[in-house]
Amino acid sequence: HPVKEIPTKPFDGQKPGTSGLRKRVKVFQQPHYTENFIQSIFDAINAEGATLVIGGDGRYFSPETVQTILQIGSANGVKEFIVGKDAILSTPAASNLIRKYKADGGILLTASHNPGGPDNDFGIKYNVSNGGPASENVTNKIHELTKSIARYKIIEDAPVDLSQIGQTTYGPSQVRIVDSVADYVILLKEIFDFALIKSFLQNNADSFRVLFDGLHGVTGPYARAIFIEQLGLPETAIQNCIPLPDFGGGHPDPNLTYAHSLVEVVERNDIQFGAASDGDGDRNMIYGKGAFVTPSDSVAIIADWAQVIPYFKKGSMPTSKAIDHVAQKKGLEYFEVPTGWKFFGNLMDAGRLSICGEESFGTGSDHIREKDGLWAVVAWLNILAAANEVSPNKLIGINELLQKHYAVYGRSFFSRYDYEEVSSEGANKLVARLDEAIKTSSFANTTHRSKSTGQDYKVDSVSSFSYTDPIDKSVSANQGQVVLFSDGSRVVFRLSGTGSAGATVRMYVERYVGPDAGEKVLSRDTAEGLKGLIEVALEITKLKEFLQRDKPTVIT
Ligand code: VG1
Ligand code: CO
């Protein structure tokens, strides 16, 4: 098997974003485009003798890309590829395999929650040996290499049948096709009290029904193994659990807008516990009849209840503003990092962080180095099962747990407004206005009254978030513009790093109400709790004017 060198020219824009390189499928299908990026990964790492895990969310263009990786990887000296059957590995499952088999890294073929199919998105992400996404110094190096690439190397061998579990070869390299699900189920069983969850579900089969929606993403087979095979739930407990290359035409993002298939059935059938996951299985939404859990409450509650989860009984406890209150009360360390799971990796490796979350429906722990949708869903089941063990007479559901939490810790009303695919020009003007406000302090100490609620909000400061990694001291600047108000409320603006066209502006809004506010205030709708603040934020930034949008595309 001779190594061939194929001449090529650089493409613009091969810069990995928040979570890998994401572009339209048509962009990846251009001759040499995908090959260039893969070769640049191999040039950035030491591929000689390496073991790599390969898999993804099963989206359109994945099987072809696996073969491309085998061609280029074998020519660059990769010793062994561990590949998920049919190119399928959820992002958390891939992270687990990298760690479990001590691989040197992995290539994940996913654009996560972005739609799939020939006219939609594809993505390639490189993870390192701790199982987590490569840090910015690695992704910057890959990007630099894509700018000057002049050739890539390939070995031509017969394509590997990805549907056959077992050992085979590609050129000089070993290829191991593995069951995509098995090791992940073993992992979750080590973490949670499956026996307790199972008996709780069996004893409350009518009063506590479960529905998981895979949105035709990668989690389907994992959900079947966990909910049906392990926990003994009926077939009706899962839906849309066959992975499809175009996710059935849907947008596999678990939020109230895009996961309407779940929301509808939960409402119609009075399901007490519903959940959904995104395309690649790292996000989750917990949603029951009349009960919606925001991502920040979810991680705070998991941190608060960590002692009922066997994994956390083993060692030190958590950290990650709802979760801040839990950490403070428990005397634990907590950190605020920029957007993107890669920023948690160093802290976890150093043993200083074990529970973390993102506003974008991402929750996870140091059992792997990615956020983990099914982990969060099973964590909630474990917590509810444990909570009900102590209170056998009245069923504690999602809402009861939330209200109990607010009564102790207070509540951080939180919401995110996404303005998708706006003009880059408008987005830049918005950013420029905020930069100006930072430079001149022109917003500081100004007070703004909301017309609809009559509340006054006084601006304390406007700043740009810069993060210094506590472990390796690397600095990531310009990670979002923060408007802080005198009552502790804050609004953050940033540009998305995962979109594949135009610019997407995100506005994060947060307002804290202490436990003394009383149940009536604490149990309000998020939208109601945030109304005045959102009005003020939109007004002072002139967001609608700059973006030419009256409403956000999605509110989560
Ligand atoms: C978004 C989310 C971020 C998440 C990232 C990847 O990034 O806001 O919290 O880590 O997606 O998630 P951005 O840059 O568009 O805001 V996933 O599920 O795509 O791996
Ligand atoms: Co995802």
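**View 1. Here is how the protein splits into domains.** In this predicted model, the chain is carved up into domain 1 (4–180), domain 2 (184–409) and domain 3 (411–555). Take domain 2 and domain 3 as a pair: their C-alpha centres sit 27 Å apart.

**View 2. Now zoom in on where domain 2 meets domain 3.** Domain 2 puts 19 residues into this contact, and domain 3 puts in 22 residues. Which helices each supply at least two residues of the domain 2 side? They are helix H13 (345–349) and helix H15 (398–409). H15 gives the largest share of that side, with 5 residues. Sorted by class, the side of domain 2 that touches domain 3 has 10 nonpolar residues, 7 polar ones and 2 charged ones.

**View 3. This one follows an annotated domain along the chain.** An unreviewed UniProt entry carries the annotation "domain: Alpha-D-phosphohexomutase alpha/beta/alpha", and that label covers residues 14–151, 202–287 and 315–395. Look at residues 14–151: this part of the chain is 37% helix and 24% strand, with its end C-alpha atoms 16 Å apart. For residues 202–287, the figures are 26% helix and 17% strand, and the end C-alpha atoms are 20 Å apart.

**View 4. Last stop: the surroundings of ligand 1.** How many residues surround ligand 1? There are 17 of them, and the closest are Thr18, Ser112, Ser496, Gly497 and Thr498. What classes make up this shell? The residues around ligand 1 divide into 11 polar, 5 charged and 1 nonpolar.

Note on methods: Residues are numbered from 1 along each chain as its sequence is written. Chains are lettered from A and ligands numbered from 1 in the order in which they are written. This is a predicted model: local features need pLDDT of at least 70, side-chain atom pairs count only at pLDDT 80 or more; totals for chains, interfaces and linings use all residues. A residue is near a molecule or strand if its C-beta atom, placed from the backbone, lies within 6 Å of it. Ala, Val, Leu, Ile, Met, Phe, Trp, Tyr, Cys and Pro count as nonpolar, Asp, Glu, Lys and Arg as charged, and the others, Gly among them, as polar. UniProt positions are given in the numbering used here, feature names are shortened, and annotations may be inferred rather than shown by experiment. Helices (H or I, at least four residues) and strands (E, at least two) are DSSP runs, numbered from the N terminus. Domain bounds come from an automatic or database domain assignment. Two residues are in contact if their C-beta atoms, placed from the backbone, lie within 7 Å.
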